[in-house]
Amino acid sequence: GNIESIETAGLREGAESFVRAELEIHTTGQRADEIATEVRHVLTEVRRAADDFERMTERALQICDETAAVRELVEMREFLRWLVRGGFVFLGYRQYRVESRNGTRALSRELESGLGILGEYPNSRFATSPLDEFSDGELVLLFDGPPLTITKTNVESHVHRRRAMDSIMIRRTAPSGKVGGFDRFVGLFTSKAFAEEAEHIPILRAKLNDVLTAEGATAGSHDYKEIVGAFNSFPKEELFRASIDEIRQQIRLLIETKADAVVRLSVLSDPSRQQVIALVLMPREAFSAEVRLRIQNAIQNRLKGKLLYYYLALGEGYTARLHFCFYGQPPSAALMRKIESEIAALARTWDDRLRELFGQKFGATRAHEMLARWGLAFTPEYKAAFDVERAAADAEHIERLLAGGGFEVELNNHPLSGASAEASELRMYALGDAP
(Lines give C-alpha, C1' and ligand atoms only; values in the text may rest on other atoms or scores of the structure.)
Protein backbone atom coordinates (compact mmCIF):
# COMPACT_ATOMS: atom_id res chain seq x y z
CA GLY A 1 0.00 0.00 0.00
CA ASN A 2 3.00 2.34 0.25
CA ILE A 3 5.28 3.41 -2.61
CA GLU A 4 8.73 1.87 -2.15
CA SER A 5 10.22 3.05 -5.45
CA ILE A 6 9.25 4.08 -8.99
CA GLU A 7 10.92 1.43 -11.15
CA THR A 8 10.21 -1.80 -13.01
CA ALA A 9 8.51 -4.30 -10.71
CA GLY A 10 10.07 -7.68 -10.01
CA LEU A 11 8.34 -10.91 -10.98
CA ARG A 12 7.47 -11.72 -7.37
CA GLU A 13 6.02 -8.29 -6.64
CA GLY A 14 2.30 -7.63 -6.92
CA ALA A 15 1.15 -5.12 -9.55
CA GLU A 16 -0.67 -2.05 -8.28
CA SER A 17 -2.32 0.90 -10.02
CA PHE A 18 -1.30 4.40 -9.01
CA VAL A 19 -3.57 7.34 -9.91
CA ARG A 20 -3.00 10.98 -8.99
CA ALA A 21 -5.73 13.53 -9.68
CA GLU A 22 -5.45 17.28 -9.13
CA LEU A 23 -8.63 19.35 -8.95
CA GLU A 24 -8.77 23.14 -8.81
CA ILE A 25 -11.37 23.45 -6.07
CA HIS A 26 -11.63 25.29 -2.79
CA THR A 27 -13.02 23.10 -0.07
CA THR A 28 -13.10 22.66 3.68
CA GLY A 29 -11.23 20.02 5.61
CA GLN A 30 -14.52 18.35 6.45
CA ARG A 31 -15.55 18.17 2.80
CA ALA A 32 -12.10 16.83 1.86
CA ASP A 33 -12.58 14.02 4.40
CA GLU A 34 -16.03 13.31 2.94
CA ILE A 35 -14.56 13.09 -0.57
CA ALA A 36 -11.88 10.69 0.65
CA THR A 37 -14.55 8.53 2.30
CA GLU A 38 -16.62 8.46 -0.90
CA VAL A 39 -13.55 7.45 -2.95
CA ARG A 40 -12.84 4.61 -0.50
CA HIS A 41 -16.44 3.40 -0.86
CA VAL A 42 -16.09 3.40 -4.66
CA LEU A 43 -12.81 1.49 -4.49
CA THR A 44 -14.40 -1.02 -2.12
CA GLU A 45 -17.23 -1.65 -4.58
CA VAL A 46 -14.74 -2.01 -7.44
CA ARG A 47 -12.79 -4.58 -5.41
CA ARG A 48 -15.94 -6.44 -4.38
CA ALA A 49 -17.20 -6.66 -7.97
CA ALA A 50 -13.80 -7.71 -9.35
CA ASP A 51 -13.07 -10.29 -6.63
CA ASP A 52 -16.50 -11.98 -6.99
CA PHE A 53 -16.85 -11.65 -10.77
CA GLU A 54 -16.01 -15.30 -11.49
CA ARG A 55 -18.26 -16.52 -8.67
CA MET A 56 -21.16 -14.50 -10.11
CA THR A 57 -20.69 -15.88 -13.62
CA GLU A 58 -20.41 -19.39 -12.16
CA ARG A 59 -23.67 -18.81 -10.31
CA ALA A 60 -25.38 -17.82 -13.58
CA LEU A 61 -24.18 -21.07 -15.19
CA GLN A 62 -25.26 -23.07 -12.11
CA ILE A 63 -28.80 -21.71 -12.56
CA CYS A 64 -28.68 -23.02 -16.14
CA ASP A 65 -27.79 -26.47 -14.80
CA GLU A 66 -30.40 -26.34 -12.04
CA THR A 67 -33.18 -25.52 -14.53
CA ALA A 68 -31.96 -27.84 -17.31
CA ALA A 69 -34.99 -30.15 -16.93
CA VAL A 70 -37.50 -27.35 -17.60
CA ARG A 71 -37.97 -27.14 -21.38
CA GLU A 72 -39.85 -23.84 -21.18
CA LEU A 73 -36.73 -22.11 -19.83
CA VAL A 74 -34.45 -22.83 -22.82
CA GLU A 75 -34.40 -19.17 -23.92
CA MET A 76 -33.72 -18.02 -20.36
CA ARG A 77 -30.72 -20.36 -20.09
CA GLU A 78 -29.39 -19.17 -23.45
CA PHE A 79 -29.75 -15.59 -22.24
CA LEU A 80 -27.76 -16.28 -19.06
CA ARG A 81 -25.00 -17.90 -21.13
CA TRP A 82 -25.03 -14.87 -23.45
CA LEU A 83 -24.54 -12.62 -20.41
CA VAL A 84 -21.57 -14.70 -19.26
CA ARG A 85 -20.00 -14.62 -22.75
CA GLY A 86 -19.53 -10.85 -22.53
CA GLY A 87 -23.01 -9.34 -22.63
CA PHE A 88 -23.04 -8.14 -19.04
CA VAL A 89 -20.74 -6.63 -16.42
CA PHE A 90 -21.73 -8.57 -13.30
CA LEU A 91 -21.54 -6.25 -10.28
CA GLY A 92 -23.67 -8.01 -7.67
CA TYR A 93 -25.78 -11.06 -6.87
CA ARG A 94 -28.34 -11.81 -4.18
CA GLN A 95 -31.00 -14.47 -3.41
CA TYR A 96 -34.49 -13.75 -2.12
CA ARG A 97 -36.98 -16.01 -0.36
CA VAL A 98 -40.75 -15.70 -0.48
CA GLU A 99 -42.59 -14.73 2.68
CA SER A 100 -46.16 -13.94 3.67
CA ARG A 101 -46.67 -10.66 5.51
CA ASN A 102 -50.16 -9.84 6.69
CA GLY A 103 -51.54 -12.24 4.12
CA THR A 104 -49.62 -10.72 1.18
CA ARG A 105 -46.57 -11.98 -0.72
CA ALA A 106 -43.23 -10.38 0.07
CA LEU A 107 -39.55 -10.96 -0.63
CA SER A 108 -36.72 -11.05 1.89
CA ARG A 109 -33.08 -11.46 1.00
CA GLU A 110 -31.26 -14.61 2.04
CA LEU A 111 -28.50 -13.68 4.45
CA GLU A 112 -24.94 -14.57 3.37
CA SER A 113 -26.15 -15.12 -0.23
CA GLY A 114 -24.73 -11.87 -1.59
CA LEU A 115 -21.78 -11.54 -3.94
CA GLY A 116 -20.00 -8.51 -5.37
CA ILE A 117 -21.48 -5.16 -4.34
CA LEU A 118 -24.52 -6.96 -2.89
CA GLY A 119 -22.40 -9.00 -0.49
CA GLU A 120 -22.20 -8.38 3.24
CA TYR A 121 -19.38 -5.98 4.13
CA PRO A 122 -18.96 -2.93 6.43
CA ASN A 123 -20.49 0.38 5.33
CA SER A 124 -22.19 -1.16 2.28
CA ARG A 125 -24.70 1.22 0.73
CA PHE A 126 -26.75 -1.89 -0.16
CA ALA A 127 -27.09 -3.12 3.44
CA THR A 128 -30.42 -1.30 3.56
CA SER A 129 -31.09 -0.54 -0.09
CA PRO A 130 -33.96 0.58 -2.33
CA LEU A 131 -33.07 -2.51 -4.37
CA ASP A 132 -34.74 -4.63 -1.67
CA GLU A 133 -37.96 -2.59 -1.68
CA PHE A 134 -40.57 -3.99 -4.07
CA SER A 135 -43.81 -2.19 -4.88
CA ASP A 136 -47.09 -4.08 -5.31
CA GLY A 137 -46.78 -3.70 -9.08
CA GLU A 138 -43.23 -5.11 -9.07
CA LEU A 139 -44.33 -8.12 -7.01
CA VAL A 140 -47.15 -8.85 -9.45
CA LEU A 141 -44.67 -8.68 -12.33
CA LEU A 142 -42.17 -10.94 -10.55
CA PHE A 143 -44.69 -13.57 -9.44
CA ASP A 144 -47.08 -13.57 -12.38
CA GLY A 145 -44.95 -12.33 -15.28
CA PRO A 146 -42.26 -14.16 -17.25
CA PRO A 147 -39.73 -16.29 -15.28
CA LEU A 148 -36.97 -13.81 -16.10
CA THR A 149 -37.56 -10.09 -15.56
CA ILE A 150 -35.16 -7.38 -16.73
CA THR A 151 -35.52 -3.83 -15.54
CA LYS A 152 -33.58 -0.63 -15.05
CA THR A 153 -33.06 0.26 -11.39
CA ASN A 154 -33.02 3.82 -10.08
CA VAL A 155 -29.73 3.10 -8.30
CA GLU A 156 -26.57 4.36 -10.00
CA SER A 157 -23.49 2.19 -10.46
CA HIS A 158 -20.20 3.37 -8.97
CA VAL A 159 -18.26 0.75 -10.96
CA HIS A 160 -17.42 0.68 -14.69
CA ARG A 161 -19.57 3.70 -15.58
CA ARG A 162 -21.99 6.04 -13.83
CA ARG A 163 -25.47 5.11 -14.92
CA ALA A 164 -28.55 3.37 -13.54
CA MET A 165 -27.85 -0.33 -13.05
CA ASP A 166 -29.71 -3.13 -14.81
CA SER A 167 -31.43 -5.79 -12.71
CA ILE A 168 -32.12 -9.37 -13.80
CA MET A 169 -34.54 -11.34 -11.60
CA ILE A 170 -35.02 -15.10 -12.09
CA ARG A 171 -38.05 -16.78 -10.53
CA ARG A 172 -37.40 -20.22 -9.05
CA THR A 173 -40.39 -22.56 -9.00
CA ALA A 174 -40.67 -25.87 -7.14
CA PRO A 175 -42.03 -29.03 -8.89
CA SER A 176 -45.32 -28.35 -7.10
CA GLY A 177 -45.62 -25.08 -9.03
CA LYS A 178 -45.11 -22.93 -5.94
CA VAL A 179 -42.69 -20.00 -6.20
CA GLY A 180 -39.82 -20.68 -3.85
CA GLY A 181 -37.54 -17.71 -4.37
CA PHE A 182 -35.63 -15.47 -6.75
CA ASP A 183 -32.06 -15.00 -7.94
CA ARG A 184 -30.96 -11.47 -8.76
CA PHE A 185 -28.01 -10.14 -10.73
CA VAL A 186 -27.28 -6.42 -10.95
CA GLY A 187 -24.79 -4.81 -13.31
CA LEU A 188 -24.53 -3.12 -16.67
CA PHE A 189 -25.00 -4.37 -20.20
CA THR A 190 -21.73 -4.09 -22.12
CA SER A 191 -20.88 -2.20 -25.29
CA LYS A 192 -20.85 -5.60 -27.01
CA ALA A 193 -24.47 -6.09 -25.96
CA PHE A 194 -25.49 -2.68 -27.29
CA ALA A 195 -23.65 -3.23 -30.58
CA GLU A 196 -25.12 -6.67 -31.29
CA GLU A 197 -28.29 -6.77 -33.36
CA ALA A 198 -31.30 -7.45 -31.17
CA GLU A 199 -32.58 -10.20 -33.47
CA HIS A 200 -29.60 -12.37 -32.43
CA ILE A 201 -29.90 -11.91 -28.65
CA PRO A 202 -31.72 -14.60 -26.63
CA ILE A 203 -35.12 -13.46 -25.32
CA LEU A 204 -35.14 -10.50 -27.75
CA ARG A 205 -35.08 -12.84 -30.75
CA ALA A 206 -38.13 -14.60 -29.31
CA LYS A 207 -39.87 -11.22 -28.87
CA LEU A 208 -39.08 -10.29 -32.47
CA ASN A 209 -40.56 -13.57 -33.68
CA ASP A 210 -43.73 -12.89 -31.67
CA VAL A 211 -43.96 -9.36 -33.15
CA LEU A 212 -43.55 -10.65 -36.72
CA THR A 213 -46.16 -13.37 -36.13
CA ALA A 214 -48.63 -10.87 -34.62
CA GLU A 215 -48.11 -8.51 -37.58
CA GLY A 216 -48.54 -11.37 -40.08
CA ALA A 217 -45.28 -10.42 -41.83
CA THR A 218 -44.02 -12.93 -44.39
CA ALA A 219 -40.29 -13.69 -44.28
CA GLY A 220 -38.42 -11.70 -46.92
CA SER A 221 -41.29 -9.28 -47.55
CA HIS A 222 -40.96 -5.50 -47.40
CA ASP A 223 -43.01 -5.34 -44.18
CA TYR A 224 -40.86 -8.08 -42.64
CA LYS A 225 -37.64 -6.18 -43.38
CA GLU A 226 -39.05 -2.88 -42.09
CA ILE A 227 -40.16 -4.47 -38.81
CA VAL A 228 -36.82 -6.22 -38.29
CA GLY A 229 -34.92 -3.00 -39.08
CA ALA A 230 -37.06 -0.95 -36.70
CA PHE A 231 -36.76 -3.62 -33.96
CA ASN A 232 -32.96 -3.66 -34.25
CA SER A 233 -32.83 0.15 -34.03
CA PHE A 234 -34.59 0.32 -30.65
CA PRO A 235 -32.58 0.62 -27.41
CA LYS A 236 -31.97 -2.77 -25.80
CA GLU A 237 -33.31 -1.54 -22.45
CA GLU A 238 -36.66 -0.75 -24.08
CA LEU A 239 -36.84 -4.10 -25.91
CA PHE A 240 -36.11 -5.98 -22.69
CA ARG A 241 -38.74 -3.98 -20.82
CA ALA A 242 -41.60 -3.66 -23.27
CA SER A 243 -44.40 -6.12 -23.94
CA ILE A 244 -45.09 -7.43 -27.45
CA ASP A 245 -48.07 -5.06 -27.81
CA GLU A 246 -45.98 -2.04 -26.76
CA ILE A 247 -43.19 -2.92 -29.19
CA ARG A 248 -45.73 -3.31 -32.01
CA GLN A 249 -47.28 0.06 -31.16
CA GLN A 250 -43.93 1.85 -31.20
CA ILE A 251 -42.71 0.15 -34.40
CA ARG A 252 -45.97 1.00 -36.18
CA LEU A 253 -45.62 4.65 -35.15
CA LEU A 254 -42.03 4.69 -36.37
CA ILE A 255 -42.87 3.19 -39.78
CA GLU A 256 -45.95 5.38 -40.30
CA THR A 257 -44.10 8.64 -39.58
CA LYS A 258 -40.79 7.80 -41.27
CA ALA A 259 -41.11 10.59 -43.86
CA ASP A 260 -43.34 12.99 -41.91
CA ALA A 261 -42.19 16.53 -41.21
CA VAL A 262 -44.10 16.66 -37.92
CA VAL A 263 -43.24 16.09 -34.28
CA ARG A 264 -44.84 13.04 -32.70
CA LEU A 265 -44.82 12.00 -29.06
CA SER A 266 -45.74 8.61 -27.61
CA VAL A 267 -45.74 8.07 -23.85
CA LEU A 268 -46.00 4.61 -22.29
CA SER A 269 -46.41 3.99 -18.57
CA ASP A 270 -45.02 0.92 -16.84
CA PRO A 271 -46.50 1.09 -13.31
CA SER A 272 -45.01 -2.28 -12.30
CA ARG A 273 -41.50 -0.86 -12.80
CA GLN A 274 -42.55 2.71 -11.86
CA GLN A 275 -41.21 3.93 -15.19
CA VAL A 276 -42.48 6.27 -17.91
CA ILE A 277 -41.13 5.87 -21.44
CA ALA A 278 -41.35 8.77 -23.90
CA LEU A 279 -40.73 8.28 -27.62
CA VAL A 280 -40.22 11.53 -29.56
CA LEU A 281 -40.10 11.59 -33.37
CA MET A 282 -39.09 14.75 -35.19
CA PRO A 283 -37.62 15.93 -38.52
CA ARG A 284 -33.85 15.47 -38.57
CA GLU A 285 -33.27 19.12 -39.41
CA ALA A 286 -35.11 20.09 -36.22
CA PHE A 287 -32.83 17.97 -34.03
CA SER A 288 -29.81 19.27 -32.15
CA ALA A 289 -28.15 18.52 -28.82
CA GLU A 290 -29.75 21.70 -27.44
CA VAL A 291 -33.22 20.64 -28.60
CA ARG A 292 -32.73 17.17 -27.07
CA LEU A 293 -31.78 18.70 -23.74
CA ARG A 294 -34.73 21.13 -23.78
CA ILE A 295 -37.15 18.28 -24.55
CA GLN A 296 -35.60 16.08 -21.86
CA ASN A 297 -35.86 18.82 -19.23
CA ALA A 298 -39.43 19.68 -20.24
CA ILE A 299 -40.62 16.08 -19.87
CA GLN A 300 -38.66 15.58 -16.66
CA ASN A 301 -40.10 18.74 -15.10
CA ARG A 302 -43.63 17.78 -16.08
CA LEU A 303 -43.30 14.21 -14.78
CA LYS A 304 -41.26 15.25 -11.72
CA GLY A 305 -39.28 12.07 -12.40
CA LYS A 306 -35.66 10.93 -12.60
CA LEU A 307 -34.05 10.25 -15.96
CA LEU A 308 -32.77 6.66 -16.16
CA TYR A 309 -31.48 6.79 -19.73
CA TYR A 310 -32.00 8.36 -23.14
CA TYR A 311 -31.23 7.02 -26.61
CA LEU A 312 -30.90 8.78 -29.97
CA ALA A 313 -31.42 7.15 -33.37
CA LEU A 314 -31.05 9.00 -36.66
CA GLY A 315 -32.92 6.88 -39.20
CA GLU A 316 -32.43 6.51 -42.92
CA GLY A 317 -35.45 8.68 -43.65
CA TYR A 318 -36.05 12.22 -42.46
CA THR A 319 -36.68 11.36 -38.83
CA ALA A 320 -34.71 11.69 -35.61
CA ARG A 321 -35.93 9.48 -32.78
CA LEU A 322 -35.43 10.02 -29.07
CA HIS A 323 -36.22 7.47 -26.37
CA PHE A 324 -36.39 8.67 -22.77
CA CYS A 325 -36.97 6.49 -19.72
CA PHE A 326 -37.91 8.21 -16.46
CA TYR A 327 -38.44 6.81 -12.99
CA GLY A 328 -41.78 8.30 -11.99
CA GLN A 329 -45.53 8.04 -11.88
CA PRO A 330 -47.76 7.78 -15.01
CA PRO A 331 -48.95 11.18 -16.28
CA SER A 332 -52.65 12.02 -16.45
CA ALA A 333 -54.36 12.61 -19.80
CA ALA A 334 -54.37 16.38 -19.17
CA LEU A 335 -50.65 16.37 -18.37
CA MET A 336 -50.01 14.30 -21.49
CA ARG A 337 -51.62 16.99 -23.65
CA LYS A 338 -49.47 19.68 -22.01
CA ILE A 339 -46.32 17.66 -22.63
CA GLU A 340 -47.27 17.04 -26.27
CA SER A 341 -47.87 20.72 -27.03
CA GLU A 342 -44.68 21.74 -25.21
CA ILE A 343 -42.58 19.19 -27.12
CA ALA A 344 -44.07 20.24 -30.45
CA ALA A 345 -43.18 23.86 -29.72
CA LEU A 346 -39.63 23.01 -28.60
CA ALA A 347 -38.93 20.92 -31.69
CA ARG A 348 -40.15 23.46 -34.24
CA THR A 349 -37.40 25.06 -36.30
CA TRP A 350 -37.23 28.74 -37.24
CA ASP A 351 -38.38 27.74 -40.75
CA ASP A 352 -41.31 25.77 -39.29
CA ARG A 353 -42.45 28.84 -37.38
CA LEU A 354 -42.06 31.06 -40.45
CA ARG A 355 -44.13 28.64 -42.55
CA GLU A 356 -46.84 28.61 -39.90
CA LEU A 357 -46.88 32.42 -39.60
CA PHE A 358 -47.10 32.90 -43.39
CA GLY A 359 -50.09 30.56 -43.42
CA GLN A 360 -51.81 32.55 -40.68
CA LYS A 361 -51.11 35.97 -42.24
CA PHE A 362 -51.59 35.29 -45.95
CA GLY A 363 -53.70 32.15 -46.32
CA ALA A 364 -52.61 28.85 -47.87
CA THR A 365 -52.30 29.94 -51.53
CA ARG A 366 -50.31 33.14 -51.02
CA ALA A 367 -48.28 31.58 -48.21
CA HIS A 368 -47.13 28.91 -50.67
CA GLU A 369 -46.04 31.61 -53.12
CA MET A 370 -44.28 33.57 -50.35
CA LEU A 371 -42.42 30.50 -49.12
CA ALA A 372 -41.28 29.68 -52.66
CA ARG A 373 -39.75 33.16 -52.88
CA TRP A 374 -38.56 33.63 -49.28
CA GLY A 375 -37.94 30.11 -47.96
CA LEU A 376 -34.19 30.25 -48.64
CA ALA A 377 -33.72 34.00 -48.44
CA PHE A 378 -32.89 34.34 -44.74
CA THR A 379 -29.29 33.63 -43.75
CA PRO A 380 -28.30 31.76 -40.55
CA GLU A 381 -27.06 35.09 -39.14
CA TYR A 382 -30.46 36.70 -39.81
CA LYS A 383 -32.29 33.76 -38.16
CA ALA A 384 -30.06 34.04 -35.11
CA ALA A 385 -30.71 37.78 -34.76
CA PHE A 386 -34.43 38.10 -35.60
CA ASP A 387 -37.62 36.20 -34.90
CA VAL A 388 -40.11 35.05 -37.55
CA GLU A 389 -42.47 37.98 -36.90
CA ARG A 390 -39.68 40.36 -37.92
CA ALA A 391 -38.92 38.22 -40.98
CA ALA A 392 -42.56 38.26 -42.10
CA ALA A 393 -42.72 42.05 -41.71
CA ASP A 394 -39.50 42.52 -43.71
CA ALA A 395 -40.86 40.24 -46.44
CA GLU A 396 -44.09 42.27 -46.62
CA HIS A 397 -42.15 45.51 -47.05
CA ILE A 398 -40.17 44.14 -49.97
CA GLU A 399 -43.24 42.48 -51.51
CA ARG A 400 -44.86 45.91 -51.68
CA LEU A 401 -41.73 47.40 -53.26
CA LEU A 402 -41.63 44.62 -55.86
CA ALA A 403 -45.25 45.38 -56.74
CA GLY A 404 -45.11 49.20 -56.78
CA GLY A 405 -41.50 50.35 -56.38
CA GLY A 406 -40.50 53.24 -54.16
CA PHE A 407 -38.83 53.39 -50.79
CA GLU A 408 -40.14 52.44 -47.32
CA VAL A 409 -39.07 53.35 -43.80
CA GLU A 410 -40.09 51.76 -40.49
CA LEU A 411 -39.40 53.27 -37.07
CA ASN A 412 -39.83 51.20 -33.91
CA ASN A 413 -39.22 51.80 -30.23
CA HIS A 414 -38.00 48.88 -28.12
CA PRO A 415 -37.55 48.78 -24.34
CA LEU A 416 -33.95 48.19 -23.31
CA SER A 417 -33.35 45.02 -21.34
CA GLY A 418 -33.39 45.67 -17.59
CA ALA A 419 -34.11 49.41 -17.97
CA SER A 420 -37.10 51.71 -18.26
CA ALA A 421 -35.63 53.57 -21.27
CA GLU A 422 -36.36 52.75 -24.91
CA ALA A 423 -34.18 52.40 -28.00
CA SER A 424 -35.28 53.51 -31.46
CA GLU A 425 -34.75 51.30 -34.49
CA LEU A 426 -34.86 52.68 -38.05
CA ARG A 427 -35.27 50.18 -40.90
CA MET A 428 -35.06 51.30 -44.56
CA TYR A 429 -36.21 49.22 -47.52
CA ALA A 430 -35.25 49.77 -51.17
CA LEU A 431 -34.75 47.68 -54.29
CA GLY A 432 -31.37 47.35 -55.99
CA ASP A 433 -27.85 47.35 -54.64
CA ALA A 434 -27.09 48.70 -51.19
CA PRO A 435 -25.87 52.33 -51.27
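In the predicted model, the axes of helix α12 (residues 350-374) and helix α14 (residues 388-404) come within 8 Å and cross at roughly 25 degrees. Because angles under 35 degrees count as roughly parallel, α12 is described as roughly parallel to α14. The crossing of the two helices is right-handed. On the α12 side, the contact is formed by Trp350, Arg353, Leu354, Leu357, Phe358, Lys361, Phe362, Arg366, Met370, Arg373 and Trp374. These residues meet Val388, Glu389, Ala391, Ala392, Ala395, Glu396, Ile398 and Glu399 of α14. By class, the contact of α12 with α14 comprises twelve nonpolar and seven charged residues, with no polar residue.

A second helix pair is formed by α10 (residues 289-303) and α11 (residues 333-347), whose axes come within 10 Å and cross at roughly 165 degrees. Since angles over 145 degrees count as roughly antiparallel, α10 and α11 are assigned a roughly antiparallel arrangement. Their crossing is right-handed. Helix α10 contributes Val291, Arg294, Ile295, Ala298, Ile299, Arg302 and Leu303 to the contact, and the partners of these residues in α11 are Leu335, Lys338, Ile339, Glu342, Ile343, Leu346 and Ala347. Ten nonpolar and four charged residues make up the contact of α10 with α11, and polar residues are absent from it.

Helices α2 (residues 53-66) and α3 (residues 74-87) form a further pair, with axes that come within 9 Å and cross at roughly 160 degrees. The two helices are therefore roughly antiparallel to each other. The crossing of α2 and α3 is left-handed. In this contact, Thr57, Ala60, Leu61, Ile63 and Cys64 of α2 meet Met76, Arg77, Leu80, Arg81 and Val84 of α3. The residues of the contact of α2 with α3 are divided into seven nonpolar, one polar and two charged.

Enclosed space was also examined. The structure contains two cavities of 30 Å³ or more, and the largest cavity holds about 70 Å³ of space. The lining of the largest cavity consists of Ile150, Thr151, Lys152, Asp166, Phe189, Glu237, Glu238, Phe240, Arg241, Gln275 and Tyr309. At least two lining residues are supplied by each of β4 (148-156) and α8 (236-241). The greatest contribution to this lining comes from α8, with four residues. By class, the lining of the largest cavity includes five charged, four nonpolar and two polar residues.

Open space was considered separately. The largest pocket contains about 590 Å³ of space. Its lining is made up of 17 residues, and those that lie nearest the centre of the pocket are Asn2, Ile3, Glu4, Ser5 and Glu16. The lining of the largest pocket is divided by class into seven polar, six nonpolar and four charged residues.

Notes. Residues numbered from 1 in each chain as written. Predicted model: local features only at pLDDT ≥ 70, side-chain atom pairs only at ≥ 80, totals over all residues. Heavy atoms only, no water. Axes fitted to C-alpha atoms, helices over the stretch in contact; angles between N-to-C directions. Parallel < 35°, antiparallel > 145°, perpendicular 65-115°, else oblique. Left-handed = near helix turned anticlockwise from the far one by under 90°. Contact = heavy atoms within 4.5 Å. Nonpolar A, V, L, I, M, F, W, Y, C, P; charged D, E, K, R; others polar. 1 Å grid on protein atoms, 1.4 Å probe; cavity = no way out; pocket = protein on both sides within 12 Å on 5 of 7 lines; lining within 4 Å. Points joined across faces, edges and corners; volume = space filled by probe spheres on them.
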